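Please examine the sequence and the structure shown below. The report that follows treats a pocket, a helix and the nonpolar interior in turn.

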Amino acid sequence: MPRAGQAYAQGRNTATAPGQQGAVSGLSPYIRHRLITEAEVLAPVLERHGPVVGEAFIREVFWRSYWKGWLELRPALWDSYKARLAACQQDRALMARAHQAMRGQTGIDCFDAWAHELTATGTLHNHIRMWFASIWCFTLELPWVVGADAFFHHLLDADAASNLLSWRWVAGSQTPGKHYVARAANIETYTQGRFAPHGRLNETPAPIIEPNPAPLPGLPTAAPLPGGRVGVLLHEDDLGFETLELGGMVPAAVAGLAVPDARSPQGASALAGAWTRHAVQDALTRVGACLEGKSPLLTPDDVCGWARAAGLDAVLTPWAPVGWVADELNRLEQPLAAAGIHLIRHRRAWDETCWPLAQRGFFAFKTHIPALLAKLLPDTPRSSHA
(Lines give C-alpha, C1' and ligand atoms only; values in the text may rest on other atoms or scores of the structure.)
Protein backbone atom coordinates (compact mmCIF):
# COMPACT_ATOMS: atom_id res chain seq x y z
CA MET A 1 0.00 0.00 0.00
CA PRO A 2 2.74 2.58 0.66
CA ARG A 3 3.96 2.11 -2.94
CA ALA A 4 0.51 2.32 -4.58
CA GLY A 5 0.71 6.09 -5.08
CA GLN A 6 3.56 8.11 -6.53
CA ALA A 7 6.09 5.25 -6.29
CA TYR A 8 3.86 3.05 -8.43
CA ALA A 9 3.21 5.76 -11.01
CA GLN A 10 6.92 6.50 -11.38
CA GLY A 11 8.26 2.95 -11.21
CA ARG A 12 5.65 0.62 -12.67
CA ASN A 13 7.37 0.37 -16.07
CA THR A 14 10.76 -0.56 -14.63
CA ALA A 15 11.30 -4.31 -14.82
CA THR A 16 13.65 -5.11 -11.96
CA ALA A 17 15.71 -8.28 -11.90
CA PRO A 18 13.92 -11.42 -10.64
CA GLY A 19 13.84 -11.45 -6.86
CA GLN A 20 14.26 -7.67 -6.51
CA GLN A 21 11.47 -5.52 -5.08
CA GLY A 22 9.98 -3.26 -7.72
CA ALA A 23 7.06 -0.84 -7.81
CA VAL A 24 4.44 -3.40 -8.82
CA SER A 25 2.17 -4.97 -6.20
CA GLY A 26 2.33 -8.67 -7.06
CA LEU A 27 -1.42 -8.84 -6.37
CA SER A 28 -2.49 -9.86 -9.88
CA PRO A 29 -3.01 -13.62 -9.25
CA TYR A 30 -5.04 -12.84 -6.12
CA ILE A 31 -7.27 -10.24 -7.78
CA ARG A 32 -7.65 -12.43 -10.87
CA HIS A 33 -9.12 -15.26 -8.75
CA ARG A 34 -10.95 -12.81 -6.48
CA LEU A 35 -9.16 -14.05 -3.42
CA ILE A 36 -9.21 -10.29 -2.93
CA THR A 37 -11.73 -8.14 -4.79
CA GLU A 38 -11.20 -4.99 -6.78
CA ALA A 39 -13.11 -3.03 -4.14
CA GLU A 40 -10.96 -4.42 -1.33
CA VAL A 41 -7.84 -3.27 -3.19
CA LEU A 42 -9.05 0.15 -4.26
CA ALA A 43 -10.70 1.30 -1.03
CA PRO A 44 -7.45 1.58 0.95
CA VAL A 45 -5.67 3.12 -2.07
CA LEU A 46 -8.29 5.87 -2.17
CA GLU A 47 -8.10 6.36 1.58
CA ARG A 48 -4.30 6.55 1.69
CA HIS A 49 -3.40 8.18 -1.64
CA GLY A 50 -6.61 9.66 -3.02
CA PRO A 51 -7.84 9.49 -6.63
CA VAL A 52 -5.14 11.82 -8.01
CA VAL A 53 -1.92 10.41 -6.52
CA GLY A 54 -3.36 6.89 -6.75
CA GLU A 55 -4.63 7.35 -10.31
CA ALA A 56 -2.09 5.08 -12.06
CA PHE A 57 -2.73 2.17 -9.71
CA ILE A 58 -6.51 2.69 -9.78
CA ARG A 59 -6.46 2.79 -13.59
CA GLU A 60 -4.63 -0.53 -13.83
CA VAL A 61 -7.22 -2.26 -11.63
CA PHE A 62 -9.98 -0.92 -13.87
CA TRP A 63 -8.15 -2.19 -16.98
CA ARG A 64 -9.00 -5.68 -15.70
CA SER A 65 -12.71 -4.86 -15.47
CA TYR A 66 -12.61 -3.19 -18.88
CA TRP A 67 -11.04 -6.21 -20.58
CA LYS A 68 -13.61 -8.56 -19.02
CA GLY A 69 -16.49 -6.36 -20.09
CA TRP A 70 -15.11 -5.96 -23.61
CA LEU A 71 -14.90 -9.73 -24.13
CA GLU A 72 -18.21 -10.36 -22.36
CA LEU A 73 -19.87 -8.18 -24.98
CA ARG A 74 -18.04 -10.00 -27.81
CA PRO A 75 -18.06 -13.71 -26.84
CA ALA A 76 -17.56 -14.87 -30.45
CA LEU A 77 -13.94 -13.75 -30.19
CA TRP A 78 -13.18 -16.45 -27.60
CA ASP A 79 -14.60 -19.16 -29.88
CA SER A 80 -12.66 -17.74 -32.83
CA TYR A 81 -9.43 -17.79 -30.80
CA LYS A 82 -9.90 -21.45 -29.86
CA ALA A 83 -10.57 -22.42 -33.47
CA ARG A 84 -7.54 -20.51 -34.75
CA LEU A 85 -5.32 -22.03 -32.09
CA ALA A 86 -6.47 -25.53 -33.01
CA ALA A 87 -5.59 -24.83 -36.65
CA CYS A 88 -2.11 -23.57 -35.71
CA GLN A 89 -1.45 -26.68 -33.69
CA GLN A 90 -1.81 -28.80 -36.82
CA ASP A 91 1.27 -27.07 -38.28
CA ARG A 92 4.18 -29.09 -36.88
CA ALA A 93 6.89 -26.78 -38.19
CA LEU A 94 5.19 -23.75 -36.69
CA MET A 95 4.70 -25.41 -33.31
CA ALA A 96 8.31 -26.61 -33.27
CA ARG A 97 9.44 -22.97 -33.64
CA ALA A 98 7.04 -21.89 -30.90
CA HIS A 99 8.26 -24.59 -28.51
CA GLN A 100 11.86 -23.62 -29.23
CA ALA A 101 11.03 -20.02 -28.33
CA MET A 102 9.34 -21.07 -25.09
CA ARG A 103 12.41 -23.14 -24.19
CA GLY A 104 14.43 -19.92 -24.41
CA GLN A 105 16.41 -20.94 -27.48
CA THR A 106 15.97 -17.96 -29.81
CA GLY A 107 19.41 -16.41 -29.30
CA ILE A 108 17.80 -13.12 -28.23
CA ASP A 109 19.14 -12.92 -24.68
CA CYS A 110 16.34 -10.87 -23.14
CA PHE A 111 13.58 -12.97 -24.67
CA ASP A 112 15.26 -16.23 -23.69
CA ALA A 113 15.71 -15.02 -20.11
CA TRP A 114 12.04 -14.04 -19.92
CA ALA A 115 10.92 -17.41 -21.31
CA HIS A 116 12.92 -19.15 -18.55
CA GLU A 117 11.53 -16.76 -15.91
CA LEU A 118 7.95 -17.41 -17.04
CA THR A 119 8.45 -21.17 -16.99
CA ALA A 120 10.14 -21.15 -13.58
CA THR A 121 7.87 -18.69 -11.75
CA GLY A 122 4.53 -18.46 -13.56
CA THR A 123 4.85 -14.67 -13.52
CA LEU A 124 6.23 -11.84 -15.65
CA HIS A 125 6.31 -8.09 -15.13
CA ASN A 126 3.64 -6.35 -17.23
CA HIS A 127 6.19 -4.40 -19.28
CA ILE A 128 8.07 -7.64 -19.99
CA ARG A 129 4.84 -9.27 -21.16
CA MET A 130 4.45 -6.48 -23.73
CA TRP A 131 8.05 -6.80 -24.95
CA PHE A 132 7.75 -10.60 -25.03
CA ALA A 133 4.55 -10.51 -27.09
CA SER A 134 5.95 -7.91 -29.49
CA ILE A 135 9.16 -9.89 -30.12
CA TRP A 136 7.05 -13.05 -30.53
CA CYS A 137 4.81 -11.47 -33.16
CA PHE A 138 7.15 -9.16 -35.06
CA THR A 139 10.70 -10.51 -34.69
CA LEU A 140 10.06 -14.25 -34.37
CA GLU A 141 6.98 -13.93 -36.63
CA LEU A 142 4.93 -16.40 -34.63
CA PRO A 143 1.10 -16.23 -34.42
CA TRP A 144 -0.19 -14.25 -31.47
CA VAL A 145 -2.76 -16.96 -30.72
CA VAL A 146 0.03 -19.46 -30.00
CA GLY A 147 1.78 -16.95 -27.76
CA ALA A 148 -1.44 -16.28 -25.87
CA ASP A 149 -1.83 -20.03 -25.34
CA ALA A 150 1.71 -20.25 -23.95
CA PHE A 151 0.81 -17.57 -21.41
CA PHE A 152 -2.42 -19.39 -20.53
CA HIS A 153 -0.35 -22.51 -19.90
CA HIS A 154 2.17 -20.86 -17.59
CA LEU A 155 0.76 -17.75 -15.88
CA LEU A 156 -0.53 -17.90 -12.32
CA ASP A 157 -2.82 -14.97 -13.16
CA ALA A 158 -3.90 -16.34 -16.55
CA ASP A 159 -7.20 -14.63 -17.36
CA ALA A 160 -9.14 -15.17 -20.57
CA ALA A 161 -9.93 -11.52 -21.26
CA SER A 162 -6.77 -9.80 -20.00
CA ASN A 163 -4.40 -12.23 -21.69
CA LEU A 164 -6.24 -12.72 -24.97
CA LEU A 165 -7.01 -9.05 -25.55
CA SER A 166 -3.58 -7.83 -24.44
CA TRP A 167 -1.95 -10.07 -27.05
CA ARG A 168 -4.34 -8.70 -29.67
CA TRP A 169 -3.49 -5.15 -28.56
CA VAL A 170 0.26 -5.74 -28.93
CA ALA A 171 -0.28 -7.28 -32.37
CA GLY A 172 -2.33 -4.31 -33.58
CA SER A 173 -5.65 -6.14 -33.81
CA GLN A 174 -7.45 -4.91 -30.69
CA THR A 175 -7.13 -1.24 -31.55
CA PRO A 176 -6.94 -1.59 -35.34
CA GLY A 177 -3.60 -0.43 -36.68
CA LYS A 178 -2.18 0.49 -33.26
CA HIS A 179 0.48 -2.04 -32.26
CA TYR A 180 3.15 -2.17 -29.57
CA VAL A 181 6.70 -2.39 -30.87
CA ALA A 182 9.49 -3.60 -28.57
CA ARG A 183 12.52 -1.37 -29.04
CA ALA A 184 16.03 -2.12 -27.84
CA ALA A 185 16.49 1.35 -26.35
CA ASN A 186 13.29 1.06 -24.33
CA ILE A 187 14.27 -2.40 -23.09
CA GLU A 188 17.72 -1.12 -22.11
CA THR A 189 16.21 1.79 -20.18
CA TYR A 190 13.51 -0.10 -18.30
CA THR A 191 15.62 -3.18 -17.50
CA GLN A 192 18.23 -0.78 -16.07
CA GLY A 193 20.82 -1.91 -18.59
CA ARG A 194 20.48 -5.66 -17.98
CA PHE A 195 19.41 -6.19 -21.60
CA ALA A 196 20.14 -4.14 -24.72
CA PRO A 197 19.17 -6.16 -27.82
CA HIS A 198 20.31 -3.55 -30.37
CA GLY A 199 20.17 -4.86 -33.91
CA ARG A 200 18.28 -8.00 -32.88
CA LEU A 201 14.66 -6.82 -33.08
CA ASN A 202 12.28 -5.86 -35.86
CA GLU A 203 11.52 -2.29 -34.83
CA THR A 204 9.56 -1.29 -37.95
CA PRO A 205 6.82 -3.95 -38.29
CA ALA A 206 3.42 -3.47 -39.78
CA PRO A 207 0.49 -4.08 -37.42
CA ILE A 208 -1.49 -7.30 -37.66
CA ILE A 209 -4.92 -6.00 -38.52
CA GLU A 210 -7.96 -8.19 -37.84
CA PRO A 211 -11.63 -7.25 -37.58
CA ASN A 212 -13.30 -6.85 -34.20
CA PRO A 213 -16.75 -8.40 -33.80
CA ALA A 214 -19.60 -6.01 -33.14
CA PRO A 215 -20.61 -5.85 -29.47
CA LEU A 216 -23.79 -7.43 -28.20
CA PRO A 217 -26.56 -4.93 -27.42
CA GLY A 218 -26.08 -5.62 -23.71
CA LEU A 219 -24.87 -8.10 -21.15
CA PRO A 220 -26.57 -11.49 -20.92
CA THR A 221 -29.27 -11.34 -18.28
CA ALA A 222 -28.32 -12.56 -14.82
CA ALA A 223 -30.98 -14.60 -13.00
CA PRO A 224 -32.37 -13.40 -9.65
CA LEU A 225 -31.40 -15.17 -6.44
CA PRO A 226 -33.24 -18.49 -6.23
CA GLY A 227 -35.43 -19.85 -3.47
CA GLY A 228 -35.50 -23.33 -2.02
CA ARG A 229 -32.44 -25.27 -0.96
CA VAL A 230 -29.48 -23.59 -2.63
CA GLY A 231 -25.82 -24.58 -2.84
CA VAL A 232 -22.99 -22.25 -3.85
CA LEU A 233 -20.38 -23.42 -6.33
CA LEU A 234 -17.26 -21.29 -6.18
CA HIS A 235 -14.78 -21.50 -9.06
CA GLU A 236 -11.37 -20.23 -10.02
CA ASP A 237 -12.77 -17.02 -11.56
CA ASP A 238 -14.37 -15.91 -8.27
CA LEU A 239 -13.32 -17.21 -4.85
CA GLY A 240 -14.62 -14.31 -2.76
CA PHE A 241 -17.30 -16.16 -0.82
CA GLU A 242 -17.34 -13.59 1.98
CA THR A 243 -18.13 -10.73 -0.41
CA LEU A 244 -20.80 -12.41 -2.55
CA GLU A 245 -24.02 -10.41 -2.50
CA LEU A 246 -26.43 -13.16 -1.44
CA GLY A 247 -29.18 -11.00 0.05
CA GLY A 248 -29.02 -12.75 3.41
CA MET A 249 -29.35 -16.22 1.92
CA VAL A 250 -27.49 -18.94 3.83
CA PRO A 251 -26.36 -21.67 1.43
CA ALA A 252 -27.18 -25.27 2.28
CA ALA A 253 -23.83 -26.40 0.89
CA VAL A 254 -20.70 -24.91 -0.68
CA ALA A 255 -18.18 -26.52 -3.02
CA GLY A 256 -15.35 -25.36 -5.26
CA LEU A 257 -14.63 -26.05 -8.92
CA ALA A 258 -11.08 -25.97 -10.31
CA VAL A 259 -10.51 -26.57 -14.02
CA PRO A 260 -7.03 -25.13 -14.71
CA ASP A 261 -6.31 -27.74 -17.39
CA ALA A 262 -9.23 -26.39 -19.43
CA ARG A 263 -7.43 -23.09 -20.01
CA SER A 264 -5.28 -24.49 -22.83
CA PRO A 265 -5.07 -27.58 -25.06
CA GLN A 266 -1.74 -28.22 -23.31
CA GLY A 267 -3.41 -27.80 -19.93
CA ALA A 268 -1.88 -25.75 -17.16
CA SER A 269 1.75 -26.03 -16.16
CA ALA A 270 2.35 -28.00 -12.96
CA LEU A 271 3.05 -24.73 -11.16
CA ALA A 272 -0.01 -22.88 -12.47
CA GLY A 273 -2.33 -25.85 -11.95
CA ALA A 274 -1.19 -26.37 -8.36
CA TRP A 275 -1.49 -22.64 -7.61
CA THR A 276 -5.05 -22.56 -8.93
CA ARG A 277 -6.15 -25.61 -6.97
CA HIS A 278 -4.57 -24.22 -3.80
CA ALA A 279 -6.41 -20.93 -4.39
CA VAL A 280 -9.76 -22.73 -4.59
CA GLN A 281 -8.90 -24.77 -1.52
CA ASP A 282 -8.03 -21.57 0.35
CA ALA A 283 -11.50 -20.22 -0.39
CA LEU A 284 -13.10 -23.45 0.82
CA THR A 285 -11.07 -23.29 4.03
CA ARG A 286 -12.41 -19.79 4.63
CA VAL A 287 -15.94 -21.03 3.93
CA GLY A 288 -15.43 -23.61 6.66
CA ALA A 289 -14.84 -20.80 9.13
CA CYS A 290 -18.28 -19.39 8.25
CA LEU A 291 -20.43 -22.47 7.75
CA GLU A 292 -20.63 -25.92 9.26
CA GLY A 293 -20.02 -28.92 7.05
CA LYS A 294 -17.42 -29.96 4.55
CA SER A 295 -16.86 -27.92 1.38
CA PRO A 296 -15.30 -30.22 -1.22
CA LEU A 297 -13.10 -29.38 -4.19
CA LEU A 298 -14.86 -30.84 -7.24
CA THR A 299 -14.19 -31.68 -10.86
CA PRO A 300 -16.99 -30.99 -13.37
CA ASP A 301 -17.93 -34.69 -13.28
CA ASP A 302 -18.49 -34.45 -9.52
CA VAL A 303 -20.88 -31.50 -9.47
CA CYS A 304 -24.16 -33.27 -10.22
CA GLY A 305 -23.50 -35.97 -7.63
CA TRP A 306 -22.61 -33.35 -5.01
CA ALA A 307 -25.78 -31.35 -5.74
CA ARG A 308 -28.03 -34.43 -5.59
CA ALA A 309 -26.43 -35.68 -2.37
CA ALA A 310 -27.00 -32.27 -0.77
CA GLY A 311 -30.65 -32.26 -1.86
CA LEU A 312 -30.29 -28.98 -3.73
CA ASP A 313 -32.99 -27.26 -5.74
CA ALA A 314 -30.47 -24.88 -7.30
CA VAL A 315 -26.74 -24.34 -7.61
CA LEU A 316 -25.76 -20.69 -7.47
CA THR A 317 -22.38 -19.80 -8.90
CA PRO A 318 -20.61 -16.45 -9.21
CA TRP A 319 -20.83 -15.24 -12.79
CA ALA A 320 -17.89 -16.60 -14.80
CA PRO A 321 -16.96 -14.19 -17.59
CA VAL A 322 -16.24 -15.48 -21.08
CA GLY A 323 -13.46 -18.05 -20.88
CA TRP A 324 -12.76 -21.65 -19.99
CA VAL A 325 -14.59 -21.60 -16.63
CA ALA A 326 -17.75 -20.30 -18.32
CA ASP A 327 -17.35 -23.05 -20.94
CA GLU A 328 -17.27 -25.70 -18.20
CA LEU A 329 -20.30 -24.21 -16.44
CA ASN A 330 -22.22 -24.17 -19.72
CA ARG A 331 -21.53 -27.89 -20.09
CA LEU A 332 -22.81 -28.51 -16.55
CA GLU A 333 -26.16 -26.82 -17.11
CA GLN A 334 -27.85 -29.68 -19.00
CA PRO A 335 -26.98 -32.56 -16.63
CA LEU A 336 -27.99 -30.43 -13.64
CA ALA A 337 -31.29 -29.58 -15.34
CA ALA A 338 -31.87 -33.27 -16.07
CA ALA A 339 -31.57 -33.86 -12.32
CA GLY A 340 -34.11 -31.10 -11.63
CA ILE A 341 -31.47 -28.66 -10.36
CA HIS A 342 -31.21 -25.10 -11.70
CA LEU A 343 -27.81 -23.53 -12.37
CA ILE A 344 -28.00 -19.85 -11.45
CA ARG A 345 -25.20 -17.48 -12.48
CA HIS A 346 -25.01 -14.54 -10.08
CA ARG A 347 -23.26 -11.36 -11.25
CA ARG A 348 -21.63 -9.00 -8.79
CA ALA A 349 -22.63 -5.32 -8.66
CA TRP A 350 -19.04 -4.41 -9.61
CA ASP A 351 -19.25 -6.31 -12.89
CA GLU A 352 -22.86 -5.32 -13.54
CA THR A 353 -21.78 -1.68 -13.32
CA CYS A 354 -18.41 -1.78 -15.12
CA TRP A 355 -18.83 -4.26 -17.95
CA PRO A 356 -21.56 -2.49 -19.99
CA LEU A 357 -19.26 0.54 -20.32
CA ALA A 358 -16.66 -1.44 -22.31
CA GLN A 359 -18.28 -0.60 -25.64
CA ARG A 360 -15.25 1.10 -27.19
CA GLY A 361 -11.59 1.62 -26.29
CA PHE A 362 -10.18 1.94 -22.80
CA PHE A 363 -9.79 5.70 -22.94
CA ALA A 364 -13.53 6.09 -23.43
CA PHE A 365 -14.05 3.70 -20.52
CA LYS A 366 -11.53 5.61 -18.38
CA THR A 367 -13.70 8.73 -18.38
CA HIS A 368 -16.22 6.79 -16.27
CA ILE A 369 -13.76 5.86 -13.50
CA PRO A 370 -14.57 8.80 -11.15
CA ALA A 371 -18.30 8.01 -11.38
CA LEU A 372 -17.63 4.28 -10.93
CA LEU A 373 -15.63 4.93 -7.77
CA ALA A 374 -18.36 7.18 -6.42
CA LYS A 375 -21.02 4.55 -7.10
CA LEU A 376 -19.13 1.40 -6.11
CA LEU A 377 -17.15 2.78 -3.13
CA PRO A 378 -19.43 5.53 -1.82
CA ASP A 379 -18.45 5.20 1.84
CA THR A 380 -14.68 5.08 1.35
CA PRO A 381 -12.82 8.13 2.72
CA ARG A 382 -10.63 9.85 0.13
CA SER A 383 -7.20 11.22 0.89
CA SER A 384 -6.90 14.92 0.08
CA HIS A 385 -3.38 14.47 -1.37
CA ALA A 386 -3.09 16.52 -4.53
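## The second largest pocket

In this predicted model, the lining of the second largest pocket receives at least two residues from each of two helices, helix 5 (76-88) and helix 14 (324-338). Helix 14 contributes the most to this lining, with 4 residues.

Rolling a probe the size of a water molecule over the atoms reveals where empty space remains. The second largest pocket holds about 230 Å³ of space. It is lined by 16 residues, and those closest to its centre are Glu 72, Pro 75, Val 322, Ala 326 and Asn 330. Sorted by class, the lining comprises 10 nonpolar, 4 charged and 2 polar residues.

## Helix 4

Helix 4 covers residues 55-72, 18 residues in total. From its first C-alpha to its last it reaches 25 Å, which is close to the 26 Å expected at 1.5 Å a residue. Because 14 of its 18 residues are buried, helix 4 is largely enclosed by the rest of the structure.

## The nonpolar cores

Which residues have the most contacts inside the largest nonpolar core? They are Phe 62, Trp 114, Phe 132 and Trp 136, in a core of 104 residues. A second core, separate from the largest, has 17 residues, among them Leu 239, Ala 258, Val 280 and Leu 284.

Phe 62 may be followed further. When its neighbours within four places in sequence are left aside, Phe 62 is in contact with Leu 42, Trp 350, Cys 354, Phe 362, Phe 365, Ile 369, Leu 372 and Leu 373.

Note on methods:
Residues numbered from 1 in each chain as written. Predicted model: local features only at pLDDT ≥ 70, side-chain atom pairs only at ≥ 80, totals over all residues. Heavy atoms only, no water. 1 Å grid on protein atoms, 1.4 Å probe; cavity = no way out; pocket = protein on both sides within 12 Å on 5 of 7 lines; lining within 4 Å. Points joined across faces, edges and corners; volume = space filled by probe spheres on them. Nonpolar A, V, L, I, M, F, W, Y, C, P; charged D, E, K, R; others polar. Expected span 1.5 Å × (residues − 1). Buried < 20%, exposed > 50% of the residue type's maximum accessible area, 1.4 Å probe, protein only. Core = buried A, V, L, I, M, F, W, Y, C linked by side-chain atoms within 4.5 Å. Contact = heavy atoms within 4.5 Å.
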